[in-house]
Amino acid sequence: MTSERRLLVGLADIKAVTFACKKCATRVTVGPDKVNADRFQVCPECGHVWIPKPQQGKSATRGEAPMYDLLALLSDAIALQARETIGCRVLFEIEEPRS
Ligand SMILES: [Zn+2]
């Protein structure tokens with residue numbers, strides 16, 4: 001019998017967010033309250049486009065907007081999680097790290 005363990009991670013568990021460039025592998029880590037989608041539009045080292053800012057009215061499709069929106073709203077979502085008006089915790093399931 002094989003077993004697989006998974007971990008549940010909530011928004012309040014997020015201690016930092018790391019951006020890793022697909023081109024040059026540069027990493028930038030910031031606290032969740034310091035995630036500013038505008039700040040991470042391009043790699044600070046090589047200039048590779050990371051998360052393009054959505055251009056309003058340019059396209060009927062959302063393109064990369066969900067990624068931009070996720071980062072723009074992350075700290076607000078973390079703060080809202082503690083409110084009584086939010087009746088559930090949002091949990092993300094990840095595989096247990098192998099070490
Ligand atoms: Zn880079």
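Does R27 count as buried or exposed, and how many C-beta neighbours does R27 have inside 10 Å? In this predicted model, R27 counts as exposed, because only 12 or fewer such neighbours are allowed for that class and R27 has 10 C-beta neighbours inside 10 Å. R27 belongs to strand β3, which covers residues 27–30. Outside the four places on either side in sequence, R27 is in contact with T18, F19 and A20. A20 is also the residue that stands opposite R27 in the strand pairing. E4 lies elsewhere: 23 residues separate E4 from R27 along the chain, and their C-alpha atoms are 30 Å apart.

The protein chain contains one helix and four strands. Read from the N terminus, the order of elements is β-β-β-α-β. The chain is more spread out than a compact globule, because its radius of gyration is 16 Å, well over the 13 Å that the globule rule gives for 99 residues. Along the principal axes, the C-alpha atoms fill a box of roughly 50 × 40 × 25 Å. Burial is scarce: buried residues make up 3% of the 99 residues. Among contacts with a separation of 6 or more, 44% join residues 24 or more positions apart.

Confidence was examined by chain and by element. The mean pLDDT of the protein chain is 88, and 95% of the residues score at least 70. Among the elements, β3 has the highest confidence, at 96. Confidence is lowest in α1, at a mean of 89.

The strands form two antiparallel pairings, described here in turn. Strand β2 (residues 17–20) runs antiparallel to β3, and four bridges join the two. These strands make a hairpin with six residues between them. A25 sits in that loop between β2 and β3. The phi of A25 is positive, at about 70 degrees, although A25 is not a glycine. A25 counts as exposed, because 10 C-beta neighbours lie inside 10 Å.

The other pairing involves strand β1 (residues 6–10). Strand β1 is hardly covered, and the count of buried residues among its five residues is zero. Five bridges join β1 to β4 (residues 91–95), and the two strands run antiparallel. Within this pairing, V9 has F92 of β4 as its bridge partner.

Helix α1 spans residues 65–81 and has 17 residues. From first C-alpha to last, α1 reaches 23 Å, close to the 24 Å expected at 1.5 Å a residue. Even so, α1 carries a kink of about 50 degrees, centred on L74. I78 is also found in α1. I78 counts as partly exposed, because it has 18 C-beta neighbours inside 10 Å, whereas a buried residue needs 20 or more. Beyond four places in sequence, I78 is in contact with L11, A12, I14 and P32. V30 is 48 residues from I78 in sequence, and the two C-alpha atoms are 15 Å apart in space.

The loop between α1 and β4 holds G87. V90 lies in that loop as well. G87 is exposed, because 6 other C-beta atoms lie within 10 Å. V90 is partly exposed, because 13 other C-beta atoms lie within 10 Å. Leaving aside neighbours within four places in sequence, V90 is in contact with G10, L11 and Q81. Contacts with L11 are thus listed for V90 and for I78.

Two long separations concern this loop. G87 and V28 are 59 residues apart along the chain, with 33 Å between their C-alpha atoms. V90 and F40 are 50 residues apart in sequence, and their C-alpha atoms are 25 Å apart.

Note on methods:
Residues numbered from 1 in each chain as written. Predicted model: local features only at pLDDT ≥ 70, side-chain atom pairs only at ≥ 80, totals over all residues. Expected span 1.5 Å × (residues − 1). Bend = angle between axes of the 7 residues up to and from the residue. Contact = placed C-beta atoms within 7 Å. Rg over C-alpha atoms; globule rule 2.2 N^0.38 Å. Pairing = 2+ DSSP bridges. pLDDT = per-residue confidence, 0-100.
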